[in-house]
Amino acid sequence: MTVILCSFLFAQGQILNPVKWSYGSKRLSSTEGVVFIKATIDDGWHIYSQTVKDGGPVKTSFTFEPSKAYELTGSTQEPKPVTRLEKVFDMEISYFESGVIFQQKVKLKIAGPVTIKGNLEYMTCNDEKCLPPETVPFSVTIK
């Protein structure tokens, strides 16, 4: 009886973390590279597109630290999201399930390895609840 109660209390205290982030990069040429930011999303959960309009959930966004070693080329790209009417927000909402890879091209200003740092912000929800928005720092080196 005591073991079951302790197990139950432990399970209730666990923090939900339905999204795992990983990072990669590729040097495309001596002056170009691309950063890959991958979200692996647990079954039943989703994160939102960068294109969610005001009045909806917190959209996924990326902030890159300025550097003399690189400059961003265009905006962060994403694949085509799922879009549906979400009654809670009374609007069409675009999101990703199971996983997504965002890509940011950069112009490299030095010949050696370049480290790109920044933060990403996202919000994750399932059919029952949403977790508070989270900000995650990242660092990726293009070799």
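Aromatic rings of Phe, Tyr and Trp are taken to pair if their centres lie within 6.5 Å. In the predicted model described here, Tyr23, Phe64 and Phe138 form one aromatic cluster. A search of the whole structure returns 5 aromatic pairs. Among them is the pair of Tyr23 and Phe138, whose ring centres are 5.8 Å apart and whose planes meet at 25°. Because planes under 30 degrees apart count as stacked, this pair is assigned to the stacked class. Tyr23 belongs to strand β1, whereas Phe138 belongs to strand β11 (residues 134-142), so the pair ties together parts of the chain that are 115 residues apart in sequence. The two partners differ in their burial class: Tyr23 is partly exposed, at 30% relative accessibility, while Phe138 is buried, at 5%.

Strand β1 also takes part in an open sheet of 4 strands, arranged in the order β1-β2-β8-β5 with antiparallel pairing. The edges of this sheet are occupied by β1 (19-27) and β5 (70-77); each has a single partner strand, so one side of each is left without a neighbour in the sheet. From one strand to the next, the twist averages 20°. In general, the strands of a sheet pair through backbone hydrogen bonds, in either a parallel or an antiparallel sense. Between β1 and strand β2 (residues 32-41), the antiparallel pairing extends over 9 bridges. Arg27 has Gly33 of β2 as its bridge partner.

Salt bridges were examined next. Side chains of opposite charge can pair when their charged atoms come close. The structure holds 2 salt bridges. In one of these, the side chains of Lys20 and Asp42 meet with an N to O distance of 4.0 Å. Lys20 is located in strand β1 and Asp42 in the loop between β2 and β3 (46-48), so this contact ties together parts that are 22 residues apart in sequence. Lys20 is partly exposed, with a relative accessible area of 39%, and Asp42 is likewise partly exposed, at 35%.

A salt bridge is also formed by Glu71 and Lys109, with the closest N and O atoms 3.2 Å apart. Here Glu71 is part of strand β5, and Lys109 lies in the loop between β8 (99-108) and β9 (114-122), so the pair ties together parts that are 38 residues apart in sequence. Glu71 has a relative accessible area of 36%, which places this residue in the partly exposed class. Lys109 is partly exposed as well, with a relative accessible area of 46%.

The surroundings of Ser94 were considered separately. Ser94 is situated in strand β7 (residues 91-97). Its relative accessible area is 14%; because buried means under 20%, Ser94 is classed as buried. The side chain of Ser94 makes a polar contact with the side chain of Thr83, at 2.7 Å. When neighbours within four places in sequence are left aside, the residues in contact with Ser94 are Tyr48, Ser49, Thr51, Val52, Pro81, Val82 and Thr83. Thr83 thus appears both in this contact list and as the partner of Ser94 in the side-chain polar contact.

How values were computed
Residues are numbered from 1 along each chain as its sequence is written. This is a predicted model: local features need pLDDT of at least 70, side-chain atom pairs count only at pLDDT 80 or more; totals for chains, interfaces and linings use all residues. Side-chain values use heavy atoms; hydrogens and water are left out. Helices (H or I, at least four residues) and strands (E, at least two) are DSSP runs, numbered from the N terminus. Buried means under 20% relative accessible area, exposed over 50%, partly exposed in between (1.4 Å probe, protein chains only). A polar contact is a pair of N or O atoms within 3.5 Å; within protein, one must be able to donate a hydrogen and the other to accept it, and residues adjacent in sequence count only if both atoms are side-chain atoms. Contact means heavy atoms within 4.5 Å. Two strands pair if DSSP finds at least two bridges between them. Axes are lines fitted to C-alpha atoms, for helices over the stretch in contact, and angles run from 0 to 180 degrees between N-to-C directions. Rings of Phe, Tyr and Trp (its six-membered ring) pair if their centres lie within 6.5 Å; planes under 30 degrees apart count as stacked, over 60 as edge-to-face and the rest as tilted.
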